[in-house]
Amino acid sequence: MATRQKLMRAIRVFEFGGPEVLKFQSDVAVPIPKDHQVLIKVHACGVNPVDMYIRSGTYSRKPLLPYTPGSDMSGVVEALGDNVFAFKKGDRVFTTSTISGGYAEYVVAADDMVYTLPEKLDFKQGAAISVAYFTAYRAVLHSARVKVGESVLVHRASEGVGLAVCQIARAYGLKVLGTAGTEEGQNMVLQNGAHEVFNHREVNYIDKIKKSVGEKGIDVIIEMLANVNLSNDLNLLSYGGRVIVVGNRGSIEINPHDTMAKETSIIGVALYSSTKEEFQQCAAALQAGMEIDWLRPVIGSQYPLEKVAQAHENIIHCSGATGKMILLIS
């Protein structure tokens, strides 16, 4: 007699649109790992702005429908496909990408996208590593090509990627400045590596930054909301300075002349553009950060799987967010 396939709870998207297209289902088949794949029992899954862009159908890469969202999750290895030798059942792991989608009780991931989660980090923190820290590392080390002693300004530094940038930049010997919109957020930014923090809700906060850095300007700006800040960013840069665009939600008019006098650059970042070798280099650096404790994910809002639509609503529209938003699965 054939064995009945095990079922699980998961979020399924059958059409692109608003948060209402996120459908909670309790009868989704548990995926079966194939060659070089790992089946993981999910404990927590990160929620990222890119999840919203993909769900809405406005992102440059669209998954085939229906699909389950979620790329960065943490959990315990449940089963292995053929030719997987780096893990065993029961291992604590996190992922940088999944095949079947992380908004679910079980997920299948390629074995080269799975990493060991140290005991010193809990599953919530494990779900906050992938998109936030791999993006932050790519922005700071790969795209900006920072040098020890340079200055970096991190916009919206109290959120998941922003805090990751602060920790990485401080660990690599940079002078770190951040912005946040609440007192709680500002304190969190200071606690996670920033030397100075500015309230981006104050009308004159740009003037305060200019006064702090002096005539030289800022070497690197990590920009989370380019459609709002890019024009100001160009006027804050030092000679040869770089704006690294990590986030954007619309268009903005800039004067290209602002890039000419100081020979500055605007560079976009897309984590999915990383090569396999770049992922491995990043993972090695971040694993070292976990071992020596400068990598410390900060958890923000937490939602049960059934409340995922509310999470997607809040990640875009709630101001003053602090830490990484996650879904609690089990």
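**Close-up 1. A salt bridge joins Arg92 and Glu119 in this predicted model.** The two side chains meet with N and O 3.9 Å apart. Arg92 belongs to strand β5, while Glu119 sits in the loop between β7 (114-116) and α2 (123-126), so the pair ties together parts of the chain that are 27 residues apart in sequence. The partners have contrasting surroundings: Arg92 is buried, with a relative accessible area of 15%, whereas Glu119 is exposed, at 66%. A search of the whole structure finds 13 salt bridges, and the next two views show further examples.

**Close-up 2. Glu105 and Arg9 meet in a salt bridge.** Here the N to O distance is 3.3 Å. Glu105 is placed in the loop between β5 (92-95) and β6 (106-110), and Arg9 in strand β1 (residues 7-13); with their positions 96 residues apart, the pair links distant parts of the chain. Glu105 is buried, because its relative accessible area of 18% falls under the 20% limit. Arg9, at 22% relative accessibility, counts as partly exposed. Please look for Glu306 in this view as well: Arg9, Glu105 and Glu306 are linked in a network of salt bridges.

**Close-up 3. Lys276 forms a salt bridge with Asp112.** The closest N and O atoms of this pair are 3.7 Å apart. Lys276 lies in helix α9 and Asp112 in the loop between β6 and β7, so the contact ties together parts that are 164 residues apart in sequence. Both residues are partly exposed, Lys276 with a relative accessible area of 47% and Asp112 with 32%.

**Close-up 4. Helix α9 carries a set of buried residues.** The helix has 16 residues and reaches 23 Å from its first C-alpha to its last, close to the 22 Å expected at 1.5 Å a residue. Its buried residues are Phe279, Cys282, Ala283, Ala285, Leu286, Gln287, Gly289 and Met290. As you trace this list along the helix, it helps to recall that an α-helix has 3.6 residues a turn, so residues three or four places apart point the same way. The cover over the buried residues of α9 includes β5, β7, α3 (130-143) and α4 (160-171). After the helix comes Asp293, whose phi is positive, near 75 degrees.

**Close-up 5. Val298 occupies the loop between α9 (276-291) and β14 (299-304).** Leaving aside residues up to four places away in sequence, Val298 touches Leu163, Gln167, Met188, Asn192, Gly323 and Lys324. For orientation, the C-alpha atoms of Val298 and Phe134 are separated by 15 Å, although the two residues are 164 residues apart along the chain.

**Close-up 6. Strand β12 pairs with β11 and with β13.** Strand β12 (residues 237-245) has seven of its nine residues buried, so it is largely enclosed by the rest of the structure. With strand β11 (residues 218-223), β12 pairs in the parallel sense over five bridges, and Ile221 stands opposite Val243 in β12. The chain gets from β11 to β12 by way of helix α7 (residues 226-236), and this β-α-β crossover is right-handed. Strand β13 (residues 265-268) also pairs with β12 in the parallel sense, over four bridges; there, Ser265 is the bridge partner of Arg242.

**Close-up 7. The largest nonpolar core has 46 residues.** In soluble globular proteins, nonpolar side chains tend to be buried together. In this core, the residues with the most contacts inside it are Ile129, Phe134 and Ile222. At least two core residues come from each of α3, β8 (151-154), α4, β9 (175-180), β11 and α9. Helix α3 gives the most, with seven residues. Ile222 makes a good place to centre the view: beyond residues up to four places away in sequence, Ile222 touches Ala139, Val140, Val152, Leu153, Val154, His155, Val165, Ile244 and Val246. A second, separate core holds 32 residues, including Ile11, Val47, Tyr59 and Val84.

Definitions and conventions:
Residues numbered from 1 in each chain as written. Predicted model: local features only at pLDDT ≥ 70, side-chain atom pairs only at ≥ 80, totals over all residues. Heavy atoms only, no water. Buried < 20%, exposed > 50% of the residue type's maximum accessible area, 1.4 Å probe, protein only. Pairing = 2+ DSSP bridges. Right-handed = clockwise from strand over helix to strand, strands pointing away. Contact = heavy atoms within 4.5 Å. Salt bridge = Lys/Arg side-chain N within 4 Å of Asp/Glu carboxyl O. Expected span 1.5 Å × (residues − 1). Core = buried A, V, L, I, M, F, W, Y, C linked by side-chain atoms within 4.5 Å.
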